[in-house]
Amino acid sequence: MEGGVGVEGGGATLSDMYQRSKKLSIQIRDGLERLESSPSIVADAPPPELSFSIKRDIAQFQSLCVDMDRLCRSIASKGHRDLWKRKIEVAAEETDSLKKNLDSYLLRHQKRLMEAKERAELLERLNGDSSHVLRIFDDEAQAMQSARNSHVMVDEAYNTGVAILSKYAEQRDRLKRAQRKALDVLNTVGLSNSVLKLIERRHRLDKWIAYAGMVFTVVAMSVFWRWTH
């Protein structure tokens, strides 16, 4: 199959998956921009659902890269395969960059929450009138911590999936090599049998030629002896 023509299990081609990855990249970047441009005031901060959505899109982007890499290996043309391999490498590098940007934002936001909480605690000690603010900070901090924990779980699940797919790819390659060796052996055995049969036929032919030569020699000598006597 040529590059971009191969079919995945669900019917999507390599080109289709690549276009989906480009759309996901734009969607993730848009979400990160919304996070970065959001106000730093906790009460006006973006909901945790936005960071969850971005993490889900990044995980889907990573999964697409794995699927594209697996499908790329089945492209027969080396030129097309190398071209797609480079595209997939760039896409994988982009997912790593987007994931790092999200992690960096989550760390900065968590730091801002802790700093705001410390300021609120200081104000509470000064005037005892910021319990409501502290409660808001606690809820937001817990939500962000839950988001980070979910992010870690998604990463672990992704790494496990990549490892399993890599093992499957290695096993498939080993099976293909074993199949090729078996075919080579069968072809060699078939050739050897053909050669042996050819030698056997030639041996029988030579034997009959020798017998015919001996008969002809005896007849010729008999005729010559009768003619001379």
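Student: What makes K87 count as lying over the face of W84?

Tutor: In this predicted model, K87 is 4.6 Å from the ring centre of W84. The cut-off for a charge over a ring is 6 Å from the centre, together with an angle within 35 degrees of the ring normal. K87 is listed as lying over the face of W84, so both conditions are met.

Student: Which other ring has K87 over its face?

Tutor: That is Y18, with K87 at 5.5 Å from the ring centre. This value is also within 6 Å, so the distance condition holds here as well.

Student: How many aromatic pairs are there?

Tutor: The count is one aromatic pair. Its rings belong to Y18 and W84, with centres 5.5 Å apart.

Student: Why is the pair of Y18 and W84 called edge-to-face?

Tutor: Two values decide that. The centres are 5.5 Å apart, and the limit for a pair is 6.5 Å, so the rings do pair. The planes stand at 85 degrees, and because planes over 60 degrees apart count as edge-to-face, that is the name the pair gets.

Student: What does the pair tie together?

Tutor: Y18 lies in helix α1 (residues 14-36) and W84 in helix α3 (residues 78-127), so the pair links parts that are 66 residues apart in sequence.

Student: How do you know whether Y18 and W84 are buried or exposed?

Tutor: Set each value against the cut-off: buried means under 20% relative accessible area. Y18 comes to 17% and W84 to 7%, so Y18 is buried and W84 is buried too.

Student: Where is S21 found, and what is it in contact with?

Tutor: S21 is found in helix α1. Leaving aside neighbours within four places in sequence, S21 is in contact with F61, L64 and M68. Its relative accessible area is 0%, so S21 is buried. Other buried residues in α1 include L14, M17, L24 and I28.

Student: What makes the span of α1 close to the expected one?

Tutor: α1 has 23 residues and reaches 33 Å from its first C-alpha to its last, against an expected 33 Å at 1.5 Å a residue.

Student: How many disulfides does a search of the whole structure find?

Tutor: Zero. The test asks for a pair of cysteine sulfur atoms within 2.5 Å, so no pair here passes it. As for burial, C65 has a relative accessible area of 7% and C72 has 4%, so both count as buried.

Student: What is the structure of the "transmembrane region" that UniProt places at residues 208-227?

Tutor: The annotation comes from an unreviewed UniProt entry. In the model, residues 208-227 are 100% helix and 0% strand, with end C-alpha atoms 28 Å apart.

Terms used:
Residues are numbered from 1 along each chain as its sequence is written. This is a predicted model: local features need pLDDT of at least 70, side-chain atom pairs count only at pLDDT 80 or more; totals for chains, interfaces and linings use all residues. Side-chain values use heavy atoms; hydrogens and water are left out. UniProt positions are given in the numbering used here, feature names are shortened, and annotations may be inferred rather than shown by experiment. Helices (H or I, at least four residues) and strands (E, at least two) are DSSP runs, numbered from the N terminus. Buried means under 20% relative accessible area, exposed over 50%, partly exposed in between (1.4 Å probe, protein chains only). Rings of Phe, Tyr and Trp (its six-membered ring) pair if their centres lie within 6.5 Å; planes under 30 degrees apart count as stacked, over 60 as edge-to-face and the rest as tilted. Contact means heavy atoms within 4.5 Å. The expected span of a helix is 1.5 Å times one less than its number of residues.
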